[in-house]
Protein chains: 2
Amino acid sequence: MQKLPTVVARMWGREPVSRRGPRPGLTLDRITDAAIEIADAEGLAGVRMSSVAARLGVSTMSLYGYVASKDELLTAMVDAAAPDPPEPGTLPWREYLSVWTRANRDFLACHLWLLEVSPLTPPTGPRTLRWLDRALTVLTGAGLTAAEAINITSTLSAYAASSATLLSAMSGTVDETGPEGLAGYTALLTQLVDAGTYPGLAAALESGAFGAAPDWVEDADFTFGLTLLLDGIEALITRRRKG
Amino acid sequence: MQKLPTVVARMWGREPVSRRGPRPGLTLDRITDAAIEIADAEGLAGVRMSSVAARLGVSTMSLYGYVASKDELLTAMVDAAAPDPPEPGTLPWREYLSVWTRANRDFLACHLWLLEVSPLTPPTGPRTLRWLDRALTVLTGAGLTAAEAINITSTLSAYAASSATLLSAMSGTVDETGPEGLAGYTALLTQLVDAGTYPGLAAALESGAFGAAPDWVEDADFTFGLTLLLDGIEALITRRRKG
DNA sequence: GCGCTTCTCCGTACAAGATACACTGTATTG
DNA sequence: CAATACAGTGTATCTTGTACGGAGAAGCGC
């Protein structure tokens with residue numbers, strides 16, 4: 001029973017209760033909320049210890065009473081930004097996972113900065129773990145082993161993330177490798193790619209498949225890929241039930 | 001026909017040729033090689049403009065003749081770190097995509113820092129684009145539209161990345177949210193998760209599914225998930241051929 | 001009620017790291 | 001030989017995260 005990292009303890013409401021001294025004037029929640037607002041508005045780069053503190057009207061250093069480092073702040077932000085996952089209720093597994101994955105992608109799309117932070121950090125907060133839990137529950141409920149369920153869950157998350165990444169690339173809020181977004185990107189590729197060495201790419205560019213992607217098309221794309229995944233899972237589950 | 005960003009031009013061998021003045025003493029390649037060696041050895045945090053320059057025996061500022069910013073250096077590193085993709089040859093699409101995805105995961109696993117850099121940057125270098133191209137070629141060759149092929153390719157990449165991420169989480173080189181790696185992570189979860197609010201997770205923890213994952217198991221997991229994906233794709237291709 | 005303790009929050013100081021700028025010297029060109 | 005364009009350098013600056021020590025508030029024991 002080792003000591004929890006500061007921020008983990010606080011995320012789980014396990015901060016040490018103490019009666020002495022002045023009342024804490026802040027909460028981890030208020031801090032993450034402020035940080036998230038900044039990240040949503042200005043991107044992750046706008047999140048500085050100083051900017052977050054300024055928004056709360058406190059000094060930079062006071063934040064360090066709640067998080068041990070900026071990294072910990074980011075960890076806390078990730079968890080705080082996650083909404084509650086959809087509840088399985090009586091939904092059949094396939095419906096539920098479909099809803100789950102879509103909701104997952106949707107909140108990533110609302111907070112694109114999550115894509116820059118979360119990928120490497122395994123979930124440690126109550127909310128992110130709730131997402132994980134619901135998917136596992138449903139999958140094991142459908143007859144899969146825990147190991148399989150974990151694997152599938154992480155694949156679905158990855159799919160949600162990749163889809164959100166595509167969305168972000170389209171919207172143009174990318175790292176500005178050209179003028180902006182998709183348009184600039186395709187322009188760049190057209191300039192660089194020759195049909196000799198990159199036949200498939202050149203063909204795709206000509207066909208315009210890169211260009212066209214308003215919202216509804218992207219949504220169709222999302223459903224398309226999701227169906228692929230769910231089909232695969234379904235095949236497995238059926239196999240398991242027979243075996 | 002807009003101007004290419006410095007680094008993109010150089011990655012494609014389009015640097016402006018000039019006869020005047022001293023010969024350039026460096027190459028983008030030598031720079032990225034040095035940077036990659038550092039990243040492999042010390043992680044991405046070890047890559048500083050100064051450390052890269054030091055390794056090459058030049059001054060920090062001389063690098064700026066080759067890349068416009070550290071970000072551009074990272075971009076160039078991503079491309080330089082990618083090996084040549086496997087060539088389709090006469091392989092049937094399913095075999096090829098299987099090899100492709102596995103190779104993709106393998107080189108991510110060799111350069112874990114790629115996971116921290118690449119996710120948001122769409123590919124712009126000759127090598128990364130070659131990977132994209134080969135997958136597109138094979139998929140359109142199997143009868144899919146360019147749009148479908150793009151979608152599938154990005155899903156497979158995402159899967160490779162997610163799998164590499166899992167590997168890295170196991171190996172313990174993660175962001176140290178606990179003592180280290182998987183062991184610490186499961187310990188942490190066990191401490192936090194109660195079966196009431198996190199039934200699925202608690203069950204998975206008890207079953208030990210989180211714990212056991214030596215190399216061969218992980219490889220089995222990888223194949224397992226990949227099969228799921230390929231099955232889904234196969235269903236689609238068959239449908240297309242009939243329709 | 002008084003001093004001690006134990007907090008929270010703050011101001012200042014420092015360090016790391018990216019990058020702007022102006023300079024030096026060199027190889028090519030006329 | 002003079003002019004030019006350009007590679008590489010040194011220094012200065014600016015931005016940020018974070019260590020440290022201090023000041024005051026709130027509870028605690030006498």
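Reader: Which residues is A:Val52 in contact with, once its neighbours within four places in sequence are left aside?

Author: In this predicted model, and with those sequence neighbours set aside, A:Val52 is in contact with A:Ile31, A:Ala34, A:Ala35, A:Ile38, A:Val47, A:Leu63 and A:Leu73. Contact here requires heavy atoms within 4.5 Å. The largest nonpolar core counts 155 residues, and A:Val52 and B:Val52 are the members that touch the most others.

Reader: Why is B:Ser51 called buried?

Author: The relative accessibility of B:Ser51 is 18%, and the term applies under 20%, so B:Ser51 counts as buried. This serine is found in helix α3 of chain B, where, not counting residues up to four places away in sequence, B:Ser51 touches B:Ile38 and B:Gly46.

Reader: What makes B:Gly225 buried, and what is B:Gly225 in contact with beyond its neighbours within four places in sequence?

Author: Set against the same cut-off of 20%, the relative accessibility of B:Gly225 is 2%, and therefore this glycine counts as buried. The place of B:Gly225 is in helix α11 of chain B, residues 215–242, and its contacts, apart from those sequence neighbours, are with A:Asn151 and B:Tyr159. From B:Gly225 to B:Ala161 there are 64 residues in sequence and 13 Å in space, taken from C-alpha to C-alpha.

Reader: How do you know that the span of helix α5 of chain A agrees with what its 18 residues should give?

Author: The expected span is 1.5 Å times one less than the number of residues, which for the 18 residues of α5(A), residues 93–110, comes to 26 Å. The end C-alpha atoms of this helix are 26 Å apart, so the two values agree. Among the buried residues of α5(A) are A:Trp93, A:Tyr96, A:Trp100, A:Asn104, A:Arg105 and A:Phe107.

Reader: What does a similar check give for helix α2 of chain B, and which helices do its buried residues pack against?

Author: Helix α2 of chain B, residues 28–42, has 15 residues and should therefore span 21 Å, which agrees with the 21 Å between its end C-alpha atoms. Its buried residues include B:Leu28, B:Ile31, B:Ala35 and B:Ile38, and the buried residues of α2(B) pack against α1 (6–11), α3 (49–56) and α4 (70–81) of chain B. Just after α2(B) comes B:Gly43, which takes a positive phi of about 90°. In chain A, helix α10 (residues 199–207) is followed by A:Gly208, whose phi is likewise positive, near 80°; the buried residues of α10(A) include A:Leu201 and A:Leu205.

Reader: What makes the approach of A:Tyr66 to DNA strand C a polar contact?

Author: An N or O atom in the side chain of A:Tyr66 is 2.9 Å from a phosphate oxygen of DNA strand C, and a polar contact is a pair of N or O atoms within 3.5 Å, so this pair qualifies. The side chain of B:Arg48 also has an N or O atom at 3.2 Å from a phosphate oxygen of this strand, while B:Met49 places a backbone N or O atom 3.1 Å from a phosphate oxygen. There are 23 residues around DNA strand C, and those that come nearest are A:Gly25, A:Ser59, B:Arg19, B:Tyr64 and B:Lys70. Of the atoms of DNA strand C within 4 Å of the protein, sugar and phosphate account for 71%.

Reader: How do you know that A:Arg48 makes a polar contact with DNA strand D?

Author: A polar side-chain atom of A:Arg48 lies 3.5 Å from a phosphate oxygen of DNA strand D, and the cut-off is within 3.5 Å, so the pair stands at the limit as the distance is given and is counted. For A:Tyr64, a polar side-chain atom lies 2.8 Å from a phosphate oxygen of this strand, and a backbone N or O atom of A:Gly21 is 3.4 Å from a sugar or linking oxygen. The surface near DNA strand D has ten nonpolar, eight polar and seven charged residues.

Reader: How many helices and strands does chain A have?

Author: Chain A has eleven helices and zero strands. Of its 243 residues, 49% are buried, and among its contacts with a separation of 6 or more, 71% join residues 24 or more positions apart.

Notes
Residues numbered from 1 in each chain as written. Chains lettered and ligands numbered in written order. Predicted model: local features only at pLDDT ≥ 70, side-chain atom pairs only at ≥ 80, totals over all residues. Heavy atoms only, no water. Near = heavy atom within 4 Å. Polar contact = N/O pair within 3.5 Å; in protein donor to acceptor, adjacent residues only side chain to side chain. Helix = DSSP H or I, 4+ residues; strand = E, 2+ residues; numbered from the N terminus. Buried < 20%, exposed > 50% of the residue type's maximum accessible area, 1.4 Å probe, protein only. Nonpolar A, V, L, I, M, F, W, Y, C, P; charged D, E, K, R; others polar. Core = buried A, V, L, I, M, F, W, Y, C linked by side-chain atoms within 4.5 Å.
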